[in-house]
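Visitor: Could you pick one part of this model and take me through it slowly? I'd like to hear what is buried there and what touches what.

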Amino acid sequence: MLKRKVFFFYGDTPNTLKISGPDNATRSKYEISILGSCDSRDTLRIYDEIYGGNDDIILSSYIARNSIACAFSSPIVFSDSDINSIDSPFIKKCVKLDLNKNAINDVLSSLQSKESILLIDFMDERFDLLPINESFATMSWDYRKTIHFQKNKKDNYVTFDSSSKKEMTLRSLDEIIRMATRKVPVENIYILNIPMATHYIDETGCTSFEDARYSIFRYNSYLREVISKITERHIGVNIVSPPSWMIYGDKNHLWGAHPYHYNKLLYLFSAQKIFHK
C-alpha cells in the first residue's frame, strides 16, 4: 500500500512560514561544522525554528568573517588590545582566527566522525583583503573598526572580485576539500550557492536593494565564476542552489533587511537538501 506524508505550510507571508505535519524533521543526529557566514548559520536556525526545536542537529563549529581566499596565508602579529573594540565574543574569536590563520584547523578539527558535515558558503568573500607584510587580513566591517586595522590600513588592497582573489579562493578551497576528505566522505561536504538578493518582499510589496551599496551585481558574478570552477574541479561535493524565484530578502529577518538575509522558504530549501537527501 502506498503511504504518503502530508504536511501543511501556514503563515501570513512566506517570511512567517510554519510547518505542520508528522515526521518532517530529521530522524538522524547530525554534527555540522560551518565555514562561511550567517547564510549557513541561519539555514540551521530557521530549520530549527520551523520544526519547533530539533536536538538532532549539533553545531560543532561556526566560523564567520574569514575569507577563504587568505585562510592559508601567514599568521599576522596582533595583540588583544588591537581588537578590543569588538564587543561580541563570537566576532572577536572569528577575527582572531582570521589574523592567526587558525580557522581551517579549527573547523576541520571539529569533524569528529565520518558522519560529520562540513557546510561552506562564500558570502564573506564579499570583503576585500588587506595586505599586511606577506599575508592578508579579511576586511570585514568588524575588523575595520579595530586599532589593528588603523595601524595597517593602506590605499592598496585586493578587491573581493579581482581575478587574483578568485584564484586565491579556488586554491584555498582545493586544499580545504583535500584536507576535509581525509576525515569525512566528499558527499558530506555542502556548498551553498546563494547569490545576493536584489530585493526584499514584505506586506507592502517588493523593494529593491541598492546595488551600489552592496555590490550585488559584482558579488553575484564572482559567485557564478567560483561555483562554475568548483563543479568542474570537485565532483561529489554537494552544491545547494535554490531556484531563482526563491532568492529574495526578508524585511523581518532577525538581523534586518539586507541582500544576504533571506526568506524562510530559502533557508528551509537549503536545509532539506542537506538533511533529507
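Guide: Let's settle one word before we start: a residue is called buried when its relative accessible area is under 20%, exposed when it is over 50%, and partly exposed in between. D124 shows how that works: with 2% relative accessibility it falls under 20%, so it counts as buried. Keep in mind that you're looking at a predicted model. Across the chain, 52% of the 277 residues are buried, and the fold is built from nine helices and twelve strands.

The part I'd pick is helix α6, residues 163–180. The helix has 18 residues and spans 26 Å from first C-alpha to last, close to the 26 Å expected. Plenty of α6 is tucked away: its buried residues are K165, K166, M168, T169, L170, S172, L173, I176, I177, M179 and A180. As a reading aid, residues three or four places apart on an α-helix point the same way, because there are 3.6 residues a turn.

Now, what touches this helix? Look at I68, which sits in the loop between β4 (57–63) and α2 (89–100). I68 is buried, with a relative accessible area of just 2%. Setting aside neighbours within four places in sequence, its contacts include T169, S172, L173 and I176, and those four are on the list of buried α6 residues. I68 also touches L35, I120, D121, F122 and E125. Take I120: its C-alpha is 9.7 Å from that of I68, though 52 residues separate the two in sequence. Contacts across long stretches of sequence account for much of the chain's count: of those with a separation of 6 or more, 74% join residues 24 or more positions apart.

Next, the charged side of the story, starting with K166. K166 makes a salt bridge to E225, with the closest N and O atoms 2.9 Å apart. Since K166 is in helix α6 and E225 in helix α8, the pair ties together parts 59 residues apart in sequence. The two partners differ in exposure: K166 counts as buried because its relative accessibility is 14%, while E225, at 41%, counts as partly exposed.

There's a second tie to α8 from the loop between α5 (147–152) and α6. R218 forms a salt bridge with D161, and here the closest N and O atoms are 2.7 Å apart. R218 belongs to helix α8 (residues 216–233) and D161 to that loop, so this pair links parts that are 57 residues apart in sequence. R218 is partly exposed, at 36% relative accessibility.

For comparison, go back to D124 from the start. Its side chain meets that of R126 in a salt bridge, 3.0 Å from N to O. R126 is at 14% relative accessibility, so it counts as buried, and D124 counts as buried too, at 2%. Altogether the count comes to 15 salt bridges.

One last stop, away from α6: D42, R45, E49 and K264 are linked in a network of salt bridges. D42, E49 and K264 also turn up among the residues that make the contact between α1 and α9. Those two helices have axes that come within 8 Å and cross at roughly 90 degrees, so α1 and α9 are roughly perpendicular to each other. Their contact residues divide into eight nonpolar, two polar and four charged.

Note on methods. Residues numbered from 1 in each chain as written. Predicted model: local features only at pLDDT ≥ 70, side-chain atom pairs only at ≥ 80, totals over all residues. Heavy atoms only, no water. Expected span 1.5 Å × (residues − 1). Buried < 20%, exposed > 50% of the residue type's maximum accessible area, 1.4 Å probe, protein only. Axes fitted to C-alpha atoms, helices over the stretch in contact; angles between N-to-C directions. Parallel < 35°, antiparallel > 145°, perpendicular 65-115°, else oblique. Contact = heavy atoms within 4.5 Å. Nonpolar A, V, L, I, M, F, W, Y, C, P; charged D, E, K, R; others polar. Salt bridge = Lys/Arg side-chain N within 4 Å of Asp/Glu carboxyl O.
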